Amino acid sequence: MSVHSEIKKITTETLRKMKFDKEKITMLTAYDFTTAKMVDAGGVDSILIGDSAANVMAGFETTLPITLDQMIYHTQCVVRGVERALVVADLPFGTYQSNPEKALESAVRMMKEGGAHAVKIEGGKEIEESIRRIINAGIPVCGHLGLTPQSIYQFGTYKVRAKEDAEAEKLISDCKLLEELGCFAVVLEKIPAALAKRASESISIPTIGIGAGQDCDGQVLVYQDMVGMNQGFSPKFLRRYLDLYSEITGAVSQYVKDVKSADFPNEKESY
Ligand code: KIV
């Protein structure tokens, strides 16, 4: 029997059951093969190829510039490194909002060429038809509400969303709509913890929070943030598990010293 057949793969159904069993769901981002391998080996339930790749991998200020081809490339790299986790890929800005046909085409490309197991898209009522179309084609969809970074120019700021009643009520009704449409989960980003709790209790599909408190059914973080590679980004919701920025710059400067002083390579490191 091969090792592969012994691994119980996580599916959208597994996540639904985890919510039912009150077992928290874990999700982290990855954009490349090596990271995906480590994140999968660490035991996360789901890996997200977020369009935050635009910020973290490409250095853009917003997520808007990344293209579908680039997201497909990142997804292909991640899929090759994953044995267990459910692989969810973001559809980038402009690839699903304009019409349901285009949304379906984009989602099909992400599944067929990228090899994703599911797609994530931002928004509620406004993109209802796109979500319906994608799900009708048999593609699992994860929603994303609250601070939806693809709308940053509409929001004007990355501050907490839905603090006012009207936006909070819309978020609850969007959550219910996403459930009704057949989404398998919904990411809730940067909203008050009490609202995230209410949202999580009002739907049977899992909520996965980022900056949305402890009552979501799961949590997601950007990998580079949680391992401390990204020193300039310190929102309140972020817990850093390592200080890799210092570790890596320290290792690089030691390497520079060793080469300059002809300490590296030594005899044992030579043929
Ligand atoms: O793009 C991303 O990384 C995301 C997560 C922050 C949820 O959408």
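This passage looks at helix H6 and strand E1 and at the elements around them.

The model is predicted, so local features need pLDDT of at least 70 and side-chain atom pairs count only at pLDDT 80 or more, while totals for chains, interfaces and linings use all residues. Residues are numbered from 1 along each chain as its sequence is written, and side-chain values use heavy atoms, with hydrogens and water left out.

Helices (H or I, at least four residues) and strands (E, at least two) are DSSP runs, numbered from the N terminus. Helix H6 covers residues 100–114, and its end C-alpha atoms lie 20 Å apart, which agrees with the 21 Å that its 15 residues should span at 1.5 Å a residue (1.5 Å times one less than the number of residues). Residues of H6 that are buried (under 20% relative accessible area, 1.4 Å probe, protein chains only; exposed is over 50% and partly exposed in between) include Ala 103, Leu 104, Ser 106, Ala 107, Met 110 and Gly 114. These cover an arc of only 165° around the axis, which puts them on the same side of H6; the arc is that of the directions from the helix axis to the C-beta atoms. Exposed Glu 105 and Lys 112 sit on the face turned away from that buried side. After H6 comes Gly 115, with a positive phi near 85°.

Strand E1 (residues 25–29) has four of its five residues buried, so it is largely enclosed by the rest of the structure. Strands pair if DSSP finds at least two bridges between them. E1 runs parallel to strand E8 (residues 218–221), joined by four bridges, with Leu 28 opposite Leu 221.
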